[in-house]
Amino acid sequence: MPVVQYSDFLLGGVASMGATIFTNPLEVIKTRIQLQGELAARGTYVEPYRGIFQSLITVAKHDGITGLQKGLVPALYFQFVLNAFRLGIYNCAVDAGWTKSHGGKESFGRNLFWGATGGLAGAVLSSPFFMIKTHLQSQAVKAIAVGHQHPHTGMSHAFKEIYRAHGFSGLYRGVLATIPRAILGSGGQLATFGVTKDMIRRHLDIKNPVWVSLLAGMLAGSVMAMTITPPDVIATRLFNQGVDEKGKGIYYRGVIDCCIKVVKAEGIYGLYKGFWATYLRIGPHATLVLMFFDQMIMYKTKLTGNA
C-alpha cells in the first residue's frame, strides 16, 4: 500500500482556490445564463444575458463591479474541498502506479476511474458550498434577475437559514446532481491530463515541465467543458430552485425529472445553456488548477527529496 501524502490533498485545494479568484466572474455569468428562461421555450422570454461580454457589462452596470465576484467565498470553499479530494485521491493513485497499464503507459481507463472516484468524493463533501454558491451567484437586482432569488446576505447566513428551516438534509438537497457532474467532468479531465502528459513526455521534445503541464491542462480543460455542461445545468437548476415547507423542490424532483423537463420545455439546447461561459471559465480554470497543482507537487518533491 502506498503512503498517503496528505499534503497532496492540501495542495490540490490551494491550487483550485488560486484559479477561482480569476475565473469566478465567468462562473457568475454561466450560472445566470443557465437559469435564464427556465422551463420556457426559446424566444418566449426576455434575455438580459445574451453573450459573455455583454453579460459581464450587464452585471457590472446593474450590480457594480463587485457583482462579478458574487458567491466568491462559498466558491473558494467549494473548490478547496472538491479539488483537495479529487486531486489528492488521483495523485495518490498516480504515485501508487494504479493509473498505468501493465506496459507502463498511462491508461485512459484507469485515469478515468481514479479521476471520477476522486471527483465523486470531493463533489459529495462540497455539495453544500456548491448550493450556496449558486444561490448567491444568481442574486441580482430585479431588472436582470433570473431564476429563484434566495434572500441570503452571505454564506454564513445561508447556512444558518437553510439548517434552521430544513435541518442537515437541507444542506445536502440535490447532492445526487453532483454525481454525474463529478464523474463526467473530473473523470474526463484528469484522464485526458494524465494520458496527454505521458504522450508529450514520450513523443515531444519539451523539457520544461511547466509547458508540459500547461499543454496537457489546456486539452484537459477543453474536454471537461464539453462533458460537464449538461450535468452542470441540471445541478444549477436543482440547487437554485425554491422549496416548499417540507424542503422539496418546487420545479424538479431529481436529476432525471429535471433533465426530462428541461428537454421537453427548452429542447436539447436547454442542457447546453452557458456552454461558452463554461468553456471560457473551465478552460483557463482547469489549466491553472492542474498547472499550479503539478508545479506545487514537483516543488514539494524537491523539498522533501522524495522521488
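The largest cavity in this structure, which is a predicted model, has a volume of about 230 Å³. In total, the structure holds 2 cavities of 30 Å³ or more, and the report begins with these before turning to a pocket, a pair of helices, some aromatic rings and two single residues.

## Enclosed and open spaces

The lining of the largest cavity is made up of 22 residues, and those that lie nearest its centre are F78, L82, R181, M224 and I228. Several helices take part in this lining, since α3 (72–96), α4, α6, α7 and α9 each supply at least two residues. Among these contributors α6 gives the most, with 6 residues. When the lining residues of the largest cavity are sorted by class, they divide into 9 nonpolar, 10 polar and 3 charged.

The second largest cavity has a volume of about 60 Å³, and its lining consists of T20, T23, N24, E27, A75, Q79, K133, R281 and H285. Two or more residues of that lining come from each of the elements α1 (6–35), α3 and α9. Here α1 gives the most, with 4 residues. By class, the lining of the second largest cavity holds 1 nonpolar, 5 polar and 3 charged residues.

There are also pockets to consider, and the second largest pocket contains about 350 Å³ of space. It is lined by 18 residues, of which R173, G174, G247, K248 and R253 lie nearest the centre of the pocket. Helix α5 (residues 155–171) provides the largest share of this lining, namely 3 residues. The table sets the three spaces side by side.

| Space | Volume | Nonpolar, polar and charged lining residues |
|---|---|---|
| Largest cavity | about 230 Å³ | 9 nonpolar, 10 polar, 3 charged |
| Second largest cavity | about 60 Å³ | 1 nonpolar, 5 polar, 3 charged |
| Second largest pocket | about 350 Å³ | 6 nonpolar, 8 polar, 4 charged |

## Helices α6 and α7

Two packed helices are described by the angle between their axes and the distance between the axes. In this model, the axes of helix α6 (residues 178–203) and helix α7 (residues 209–240) come within 8 Å and cross at roughly 175°. Because angles over 145 degrees count as roughly antiparallel, α6 is roughly antiparallel to α7. The residues of the contact between α6 and α7 comprise 15 nonpolar, 10 polar and 4 charged ones.

One residue of helix α6 that can be looked at individually is F193. Is F193 buried or exposed? With a relative accessibility of 4%, F193 counts as buried. The C-alpha atom of F193 is separated by 10.0 Å from that of L112, although the two residues are 81 residues apart along the chain.

## Aromatic pairs

A pair of aromatic rings is described by the distance of the centres and the angle of the planes. A search of the whole structure finds 11 aromatic pairs, and one of them is formed by F129 and F159, an edge-to-face pair with 5.5 Å from centre to centre and 75° between the planes. This pair links distant parts of the chain, for F129 lies in helix α4 (residues 108–138) and F159 in helix α5, 30 residues apart. F129 is buried, with a relative accessible area of 17%, whereas F159 is partly exposed, with a relative accessible area of 22%.

A further pair is that of W276 and Y279, whose ring centres are 5.8 Å apart and whose planes stand at 75°, so this pair is edge-to-face. W276 and Y279 are separated by about one helical turn because they are 3 residues apart in helix α9 (residues 275–304). As for accessibility, W276 is exposed, with a relative accessible area of 58%, while Y279 counts as partly exposed at 30%.

Ring pairs can also be joined into groups, and in this structure they link Y77, F129 and F159 into a cluster.

## A residue with positive phi

Most residues other than glycine have a negative phi. L39, however, has a positive phi of about 55° although it is not a glycine. Where does L39 lie? L39 is found in the loop between α1 and α2 (52–63), and it is partly exposed, with a relative accessible area of 29%.

Conventions
Residues are numbered from 1 along each chain as its sequence is written. This is a predicted model: local features need pLDDT of at least 70, side-chain atom pairs count only at pLDDT 80 or more; totals for chains, interfaces and linings use all residues. Side-chain values use heavy atoms; hydrogens and water are left out. Axes are lines fitted to C-alpha atoms, for helices over the stretch in contact, and angles run from 0 to 180 degrees between N-to-C directions. Angles under 35 degrees count as roughly parallel, over 145 as roughly antiparallel, 65 to 115 as roughly perpendicular and the rest as oblique. Ala, Val, Leu, Ile, Met, Phe, Trp, Tyr, Cys and Pro count as nonpolar, Asp, Glu, Lys and Arg as charged, and the others, Gly among them, as polar. On a 1 Å grid over the protein atoms alone, a cavity is a set of points where a 1.4 Å probe fits but cannot get out, and a pocket is an open set with protein on both sides within 12 Å along at least five of seven lines; lining residues have an atom within 4 Å of a point. Grid points are joined across faces, edges and corners, and a volume is the space filled by probe spheres set on the points. Rings of Phe, Tyr and Trp (its six-membered ring) pair if their centres lie within 6.5 Å; planes under 30 degrees apart count as stacked, over 60 as edge-to-face and the rest as tilted. Buried means under 20% relative accessible area, exposed over 50%, partly exposed in between (1.4 Å probe, protein chains only).
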